[in-house]
Amino acid sequence: MSALKEVTEQPVRRTVWWIKRDFRVSDNHCLFLATQTSNEVIPFFCWEPSVLNGEDYGVFHLQAQWQALRGLSASLENCSAASRVTLSIVTCGLSCSGLV
């Protein structure tokens with residue numbers, strides 16, 4: 001078996017980095033673990049209606065998160081990593097049926 005075939009047959013390990021509040025690229029334990037165990041890390045952030053509609057959430061928080069998201073995007077570009085910010089509406093939730 002050729003070396004090229006061995007390399008191409010190994011599965012790509014992808015990890016989704018689900019960002020809730022910590023947008024830091026440096027000193028981020030979750031991101032560090034993802035980069036150590038995966039070939040590819042996909043950053044994911046979404047504004048959740050339950051958080052947006054919370055009594056302790058306001059315009060200040062929205063602006064701060066937007067700035068953090070823009071900063072994260074710039075940091076990823078500085079590391080030559082691709083990033084994309086997309087605006088859309090989540091139309092269904094995750095189902096936890098069958099999960100333990």
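Here are some worked exercises on the predicted model above.

Some ground rules before you start: residues are numbered from 1 along each chain as its sequence is written. Since this is a predicted model, local features need pLDDT of at least 70 and side-chain atom pairs count only at pLDDT 80 or more, while totals for chains, interfaces and linings use all residues; side-chain values use heavy atoms, with hydrogens and water left out.

**Exercise 1. Sketch the order of elements, then work out how S1 and S2 are joined.**

Step 1: Count the elements. You should get 4 helices and 2 strands; these are DSSP runs numbered from the N terminus, with helices being H or I of at least four residues and strands being E of at least two.

Step 2: Read them off from the N terminus, and the order is α-β-α-β-α-α.

Step 3: Pair the strands. S1 (residues 14–19) and S2 (residues 40–45) run parallel and are joined by 6 bridges, where pairing takes at least two bridges found by DSSP. For a register check, find Thr15 opposite Val41 in S2.

Step 4: Trace the connection. The chain leaves S1, passes through helix H2 (residues 29–37) and arrives at S2, giving a right-handed β-α-β crossover. Right-handed here says that, with the strands pointing away from the viewer, the path from the first strand over the helix to the second runs clockwise.

**Exercise 2. Compare Asp27 and Asn28 in the loop between S1 and H2: which is buried and which is exposed?**

Step 1: Place them. Asp27 sits in the loop between S1 and H2, and Asn28 lies in that loop too.

Step 2: Check accessibility. Asn28 is buried because its relative accessible area is 6%, whereas Asp27 counts as exposed because its value is 65%. The cut-offs are under 20% for buried, over 50% for exposed and in between for partly exposed (1.4 Å probe, protein chains only).

Step 3: Look at the backbone of Asp27. Its phi is positive, about 55 degrees, although Asp27 is not a glycine.

Step 4: Follow the Asn28 side chain. It reaches the backbone oxygen of Arg24 at 2.9 Å and the backbone nitrogen of Cys30 at 3.1 Å. Leaving out residues up to four places away in sequence, Asn28 also touches Trp17 and Asp22, with contact taken as heavy atoms within 4.5 Å.

**Exercise 3. Find the largest nonpolar core and say which element gives it the largest share.**

Step 1: List the members. The core has 8 residues: Trp17, Ile19, Phe23, Leu31, Phe45, Leu69, Leu72 and Leu76. By definition, such a core is a set of buried Ala, Val, Leu, Ile, Met, Phe, Trp, Tyr and Cys residues joined through side-chain atoms within 4.5 Å.

Step 2: Assign them to elements. S1 and helix H4 (59–78) each supply at least two, and H4 gives the largest share, 3 residues.

Step 3: Zoom in on Phe23. Not counting residues up to four places away, its partners include Trp17, Phe45, Leu69 and Leu72.

**Exercise 4. Is Ile42 buried, exposed or partly exposed, and what does Ile42 contact?**

Step 1: Locate Ile42, and you'll find it in strand S2.

Step 2: Classify it. Ile42 is partly exposed because its relative accessibility is 36%.

Step 3: Look across to S1. The C-alpha atoms of Ile42 and Trp17 are separated by 5.8 Å, though the two residues are 25 apart along the chain. Beyond neighbours within four places, Ile42 contacts Arg14, Thr15, Val16 and Trp17.

Note on methods
A polar contact is a pair of N or O atoms within 3.5 Å; within protein, one must be able to donate a hydrogen and the other to accept it, and residues adjacent in sequence count only if both atoms are side-chain atoms.
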